[in-house]
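Work through the exercises below with the sequence and the model open side by side. Try each task before reading its solution.

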Amino acid sequence: MSLAAEAFVSQIAGKVPFIQVGNQVVSELGPIVQFTKAKGHSLSDGLDDVQRAEMKAYMELVNNMLLTAELYIQWCDDYTATEISRPRYSSPYSWPLNHILAYQKQWEVRRKMNVIGWSGKSLEQVYEDVSQCCQALSQRLGTQPYFFNKQPTELDALVFGHLFTILTTQLTNDELAEKVKSYTNLLSFCHRIEHTYFKDRGRINAA
Amino acid sequence: MCPILCHKLLLYFRAVSALGGGGGSIKYVCEKIFRCNPHCNRKHFHNCNLTTHFFSIKSKVSVSCFHLCFLTNICWVQVLSWRTGMLLDSCVCVCVCVCVCVCVCVCVCVCVCVCVCVCVCVSMVHTNMAEPMELLCWGGDWDLPSVHTDSLIVLAYVKFSGAKLAVKSIDWTWRTITASVPQLHYEGSTVTEPTQILNFLRKQRFNADYELTAKQGADTMAYIALLEEKLRPALMHTFWVDAENYANLTRPWFTSHSPFPLNFFVPGRQASLALSRILLTKAESPLLNITEVEGKIYSEAKECLNLLSHRLGNFHFFFGDTPTSLDAFVFGHIAPLIKAPLPSGQLQKHLNQLDNLCQFCNTILKNYFTDAPAEKRMDCSPTATHDPVDANLQKLTQLVNKESNLIEKMDDNLRSSPQHRPHRHETKPSALASERISTPP
């Protein structure tokens, strides 16, 4: 699996990605960003307060909409859960642990969806929400190379991670990928980052 | 009983029994009443028979139609009054009078047509008059129109967009446990959830976001997501999970605003929903309990409030001079936090230091919810003026708090780094040093 897809799957699992510096281990995106910032490397230093507020807000939008939609499609859609998610999640384990852990994960995700009010949504409504989120990101990006014009920031990394995973992960149907591909500036944004920073990792399938 | 009334009743019930309705029992009861009346005698009874016979010769059908229309009108009017909640006794009288007049003329077709037309007109008039949009929400207190965040969001948006709707409080009704509030009723359909209700109102052409650009619309979505992810868990914790606040403020309020016996269940149910939502969304594994998550959610909430304050700046509203849906969402979240008399409110103290957010809340209350008295506007400014730190120092202190949170977590060595010390610590040693120099030994 490519690095970004591994990162996505691990993000869902909750523990990886992590970095190891000396005898310190830092996991997940938020703490990693804070750690590198404390060490003096920050992508968002050049932003003023209003822009930093916007960046945090858009990061929450991505977490709120895209991540929740990905979880919903993986675990609350019965067909996808049976065909793809449960086999993939339980593959490292032997019987009966694979069944138990897979169902436990599914049950946990469904409880979360119930609590935040997504359990009443249909698949079409979830696709619609993803489309609205992508539209908001597309309007924010406009014709700029990155979200805050010249330099990439944490927001660019987060959006790239999610969009790349949506575009490259094989699901039962391609409707989600098609929705993302309909926003051409987001697609070219992903291509650009992939070619600039991940040259030797293979290509995204062209639309 | 008056003999004339007896006579009329007998006439009526005979007609009804002729139609097959009521049957023999009513006729039996009527005759019993008639016979018990000492003023009635055989002559009345005989006259009654003749009258009935006369009617039956003249037009038995018209009498039957009269009673049928009378009963139909009664039923229709009762259905309408149940649906519209209005007393329609005057309409009943009108219908009855029309029926009687027309039947006396003994014209069957006109009788039926007129009755039908009257029914249709009455129902149409009431359909046009009735059925405004109706919003169900929790009641108000502490100078707020509602104490519930989602209800406040919808109420604020309704005021901003100029929508006309009837607001009904669910306090002291069974809806406190059955309804998911806020709820909008319109023409038989029900909409819940603030986002859905706002979409619905926009489709009805009550749009407060009309003048926003596409980018501002995208920003609105982003900031609403920020509020939901960062601020709402801490708000729910402050009101429903924090033991002191829950026992002294939230539970008594909701208990006193729910009917018996629901007052035993409503607060507990809301509290357990809030706790499970916080744990499921913010706790990374099922093994964490609420105390470990508390620190994280409060620091995120404080950061969120700071970000909102930076975004608002010195403007009245988030996008120019007119309020939009984002203003409604922010108002709904921060107004209860500002106005509620919380016994233990670290988040409330933090929010009171952000003058522009307090001012924003009070501006909206003053301009759009005019039953809030104007004197209460002074609530936030005295607490701000009591704070002796000036604006620059306050901003620096907030930045320092953020940085020190990061540094404490990651690297102990950086805490003693000189560039992160606040300005006032540097003045203290020099003040002490100058004192030492000035006082002679």
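Six exercises follow, each with a worked solution.

The model is predicted: local features need pLDDT of at least 70, side-chain atom pairs count only at pLDDT 80 or more, and totals for chains, interfaces and linings use all residues. Residues are numbered from 1 along each chain as its sequence is written, chains are lettered from A and ligands numbered from 1 in the order in which they are written, and side-chain values use heavy atoms, with hydrogens and water left out.

**Exercise 1. Outline chain A.**

Task: list the secondary structure of chain A and state how much of the chain is buried.

Solution. Start with the elements. Chain A has 9 helices and 2 strands; helices (H or I, at least four residues) and strands (E, at least two) are DSSP runs, numbered from the N terminus. Next, read their order from the N terminus: α-β-β-α-α-α-α-α-α-α-α. Then take burial, where buried means under 20% relative accessible area, exposed over 50%, and partly exposed in between (1.4 Å probe, protein chains only). Of the 207 residues in chain A, 44% are buried. Finally, look at contacts (heavy atoms within 4.5 Å). Among those in chain A between residues at least 6 apart in sequence, 64% join residues at least 24 apart.

**Exercise 2. Trace a salt-bridge network.**

Task: find the partner of A:Glu54 and place both residues.

Solution. Apply the criterion: a side-chain nitrogen of Lys or Arg within 4 Å of a carboxyl oxygen of Asp or Glu. Over all chains, the whole structure holds 13 salt bridges. One of them joins A:Glu54 to A:Arg140, at 3.0 Å from N to O. This pair links distant parts of the chain: A:Glu54 sits in helix α3 (residues 49-75) of chain A, A:Arg140 in helix α6 (residues 123-141) of chain A, 86 residues apart. Both A:Glu54 and A:Arg140 are buried. Now widen the view. A network of salt bridges links A:Glu54, A:Arg140, B:Lys215 and B:Asp219.

**Exercise 3. Compare two pairs in chain B.**

Task: which residues pair with B:Asp209 and with B:Arg277?

Solution. B:Asp209 forms a salt bridge with B:Arg202 at 3.2 Å, N to O. B:Asp209 is buried, at 15% relative accessible area. B:Arg202 is partly exposed, at 27%. Turn to the other pair. B:Arg277 meets B:Glu228 in a salt bridge of 3.9 Å, N to O. B:Arg277 lies in helix α11 (residues 266-282) of chain B and B:Glu228 in helix α9 (residues 214-241) of chain B, so the pair ties together parts 49 residues apart in sequence. B:Arg277 is partly exposed, with a relative accessibility of 21%.

**Exercise 4. Describe a helix packing.**

Task: at what angle do α11(B) and α12(B) pack, and which residues meet?

Solution. First, the geometry. α11(B) packs against helix α12 (residues 290-312) of chain B at about 80°, with the axes 11 Å apart. Axes are lines fitted to C-alpha atoms, for helices over the stretch in contact, and angles run from 0 to 180 degrees between N-to-C directions. Second, the residues. B:Leu275, B:Ile278, B:Leu279 and B:Lys282 of α11(B) touch B:Ile290, B:Val293, B:Lys296, B:Ile297 and B:Glu300 of α12(B).

**Exercise 5. Read the sheet.**

Task: what is the strand order of the open sheet in chain B, and which strands stand at its edges?

Solution. The sheet has 4 strands in the order β2-β1-β3-β4, with mixed pairing; two strands pair if DSSP finds at least two bridges between them. β2 (165-169) and β4 (189-192) of chain B are the edges, each with a single partner strand, so one side of each lacks a neighbour in the sheet. The twist averages 20° from one strand to the next. Inside, β1 (residues 133-137) and β3 (residues 183-186) of chain B pair antiparallel over 3 bridges. There, B:Glu134 stands opposite B:His185 in β3(B). Add the helices. Helix α6 (residues 149-161) of chain B lies across β1 and β2 of chain B, at about 145° to β1(B). Helix α8 (residues 194-203) of chain B also packs on the sheet, touching β1, β3 and β4 of chain B.

**Exercise 6. Place two asparagines.**

Task: are B:Asn306 and A:Asn185 buried or exposed, and what do they touch?

Solution. B:Asn306 lies in helix α12 of chain B. B:Asn306 is buried, at 5% relative accessible area. Leaving aside neighbours within four places in sequence, B:Asn306 contacts B:His350, B:Leu354 and B:Gln398. A:Asn185 belongs to helix α9 (residues 184-197) of chain A. A:Asn185 is buried, at 17%. Not counting residues up to four places away in sequence, A:Asn185 touches A:Ser138, A:Leu141 and A:Gly142.
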